[in-house]
Amino acid sequence: MNRETKKDYLLLSGLLFFFFFTWSSSFSLISIWLNQKIGLKGAETGLIFSAISLIALCAQPLYGFIQDKLGLRKHLLQFLGMMLLLTGPFFIYVYAPLLKTNLLLGALTGGLFIGATFFAGIGALESYTERVSRIIGFEFGRARMWGSLGWASATFFAGFIFNINPNINFWLASASAVIFLLLLSQIRELKPNAMAGLEFDKLENLQLQDALALLRLPNFWALVVFVLGISVYNVFDQQFSVYFAAQFATQQQGNEMYGFLNSLQVFLEAGGMFLAPLLVNRIGAKQGLLLAGSIMALRMLGSGLASGALMISAMKLLHAVELPILLIAIFKYIATRFDSRLSSTLYLVGFQFVTQVMASLLSPLAGYGYDHIGFASTYLLMGGAVASTTLLSCFLLRGEQVNQTPPFQPTMTSSESMQ
C-alpha cells in the first residue's frame, strides 16, 4: 500500500471498529436485557426483533440506492454517525420506559431507531468500504476484520458491566460514536470523475429504473433464494444468549460467561476476516457461499443436538468460521455477477433486505417455538431449513465471471484536504 491508501485503510478500519463497538455495547446483550431487566418473555422478545427487522428492511433499499447515488461522498455515513451518538440517551430515557408502559409503541420506536441505525446502517458502511477497497486496492475483509474486533472488545466487558448497571454499556456506546464521527471527518473524498474508466463511472446518472431492472435478472433471484435460507442465522442468534445463560447455576454467571464466549467468537471472527479472502479467492465466490451455508446448517443442527455449556459453546464458535466466508463471498459474487455501480443496492437489497424480511417473519415464530417446544427443537428446524436451501442453491447459483478491471489509483479533491 502507498501512504494515502494505507491512511484510507486505517481510517475505514477505525470506522468499522467503532461502529461495531457502539452496536455491541448497546445490543450484544439485548435479549438478556429484555428478559431480565424489562421482564419480556420469548414471544414478546420475538416481537421486538420483528419490529427492528421490519424497519430495517424499509431502510435498506433506500440506503443502498442513496449510497450508490452518492458514490464516495460521506453524507449518509455522517447521518448514521449522529444516530450512533444518540444511542445511550435513546436506550435509557426512551426505549426502556416505553417497553415497560406500552410494549407495542416501545417495539415500534425501538425498531425505528435500532433498525435504521444499526441493521440498515451497517450495510451502508460495509458497502462504502468495499467500494473504496476495490478502487484503491486493498481487501475488504482486512478492513472488516476491525469491525469484528470492535464488537469483541465491547462484548468482552459487557457481561461484567451489565451485572453492575446496564446503562453503563449504553453510555459507552455513545462515547464510541464520538470517535466514529471524528474519524469520519478525516476521511478524504475522491473526485467523482476520478472513477472514470471503471464500473463506478457516471454514478450521477444512476436512475431508479437501473436498480429496478435487477428484479428481471434470474441471477438476482437465485441469490435471493440462497439468502432466504441463510438469513435464518439472524433469527437463530437473537435469543441464543438466553439459551446459553440458562446452562449455568445463576443468571449473573450466565451473563458473564456469555460475554466471554461472544467476545472469543468475534475475536476468532476477526482472524477469519483476515484469512477468508485467501480462501474465497481460491475456491470462488459461489463455492464460498455454499461453504458458508453448509457451516451455518451444521452450527444450528449441532446446537439443537448438543447438551451442556461446553458443546453449545463449540457450536457457537462455528459462527467465527461461517460469517467471514459469507461476507467476503457475497461481495465478490456481487462484484463479478452484476453491475458494480449498483453494489450498495445489491448488498442492501439482495442480502441485508432479504435477511430482514425473513427475520421479521420468523422472529415471532422462533419466539413461539422457544416458549412451547424449546430452544433445541427450534434450532433443529432452523438447521434443516438452511441445509435444504443451501442444497438447492448448488444448482441455482452461477460461477462468477472474472473481473479484469485493474486497481485504480485515486486522486484527491482539488484542495488536497482531509474532510
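A residue is termed buried when its relative accessible area is under 20%. These legends accompany a predicted model, in which buried residues make up 59% of the 419 residues in the protein.

**Figure 1. Overall composition of the predicted model.** The protein contains 19 helices and 0 strands. Of the contacts with a separation of 6 or more, 87% are accounted for by residues 24 or more positions apart. The following views treat two helix pairs and three individual residues.

**Figure 2. Packing of helix α1 against helix α7.** Two packed helices are described by the angle between their axes and the distance between the axes. For α1 (residues 3–27) and α7 (residues 121–136), the angle is about 165° and the axes lie 11 Å apart. Because angles over 145 degrees count as roughly antiparallel, α1 and α7 are assigned to that class. Their crossing is left-handed. On the α1 side, the contact is made by T5, D8, L12, L15, L16, F19, F20 and W23. On the α7 side, the residues taking part are G121, I122, L125, E126, Y128, T129, V132 and I136. Classified by residue type, this contact of α1 with α7 comprises 11 nonpolar, 3 polar and 2 charged residues.

**Figure 3. Packing of helix α4 against helix α7.** The axes of α4 (residues 75–85) and α7 come within 10 Å and cross at roughly 140°. This angle makes α4 oblique to α7. The crossing of α4 with α7 is left-handed. From α4, the residues L76, L77 and L80 meet G121, A124, L125 and Y128 of α7. The contact of α4 with α7 divides into 6 nonpolar residues, 1 polar residue and no charged residues. Among the α7 residues shown here, G121, L125 and Y128 also belong to the contact of α7 with α1.

**Figure 4. Surroundings of S28 in the loop between α1 and α2.** S28 precedes helix α2, which spans residues 30–38. The relative accessible area of S28 is 9%, and the residue is therefore buried. Its side chain reaches the backbone oxygen of S24 at 2.8 Å. With neighbours within four places in sequence left aside, S28 is in contact with W23, W151, T155, A158, Y258 and N262. One of these partners, W23, is also among the α1 residues that make the contact with α7.

**Figure 5. Surroundings of A152 in helix α8.** Helix α8 covers residues 140–164 and includes A152. A relative accessible area of 0% places A152 in the buried class. The C-alpha atoms of A152 and L268 are separated by 9.2 Å, although the two residues are 116 residues apart along the chain. Apart from neighbours within four places in sequence, the residues in contact with A152 are S263, V266 and F267.

**Figure 6. Surroundings of L290 in helix α15.** Helix α15 runs over residues 285–305 and includes L290. L290 is buried, with a relative accessible area of 8%. Between the C-alpha atoms of L290 and L326, which are 36 residues apart along the chain, the separation is 8.7 Å. When residues up to four places away in sequence are not counted, L290 touches T390, S393, C394 and L397.

Key: Residues are numbered from 1 along each chain as its sequence is written. This is a predicted model: local features need pLDDT of at least 70, side-chain atom pairs count only at pLDDT 80 or more; totals for chains, interfaces and linings use all residues. Side-chain values use heavy atoms; hydrogens and water are left out. Axes are lines fitted to C-alpha atoms, for helices over the stretch in contact, and angles run from 0 to 180 degrees between N-to-C directions. Helices (H or I, at least four residues) and strands (E, at least two) are DSSP runs, numbered from the N terminus. Angles under 35 degrees count as roughly parallel, over 145 as roughly antiparallel, 65 to 115 as roughly perpendicular and the rest as oblique. A crossing is left-handed if the near helix is turned anticlockwise from the far one by less than a right angle, and right-handed if clockwise. Contact means heavy atoms within 4.5 Å. Ala, Val, Leu, Ile, Met, Phe, Trp, Tyr, Cys and Pro count as nonpolar, Asp, Glu, Lys and Arg as charged, and the others, Gly among them, as polar. Buried means under 20% relative accessible area, exposed over 50%, partly exposed in between (1.4 Å probe, protein chains only). A polar contact is a pair of N or O atoms within 3.5 Å; within protein, one must be able to donate a hydrogen and the other to accept it, and residues adjacent in sequence count only if both atoms are side-chain atoms.
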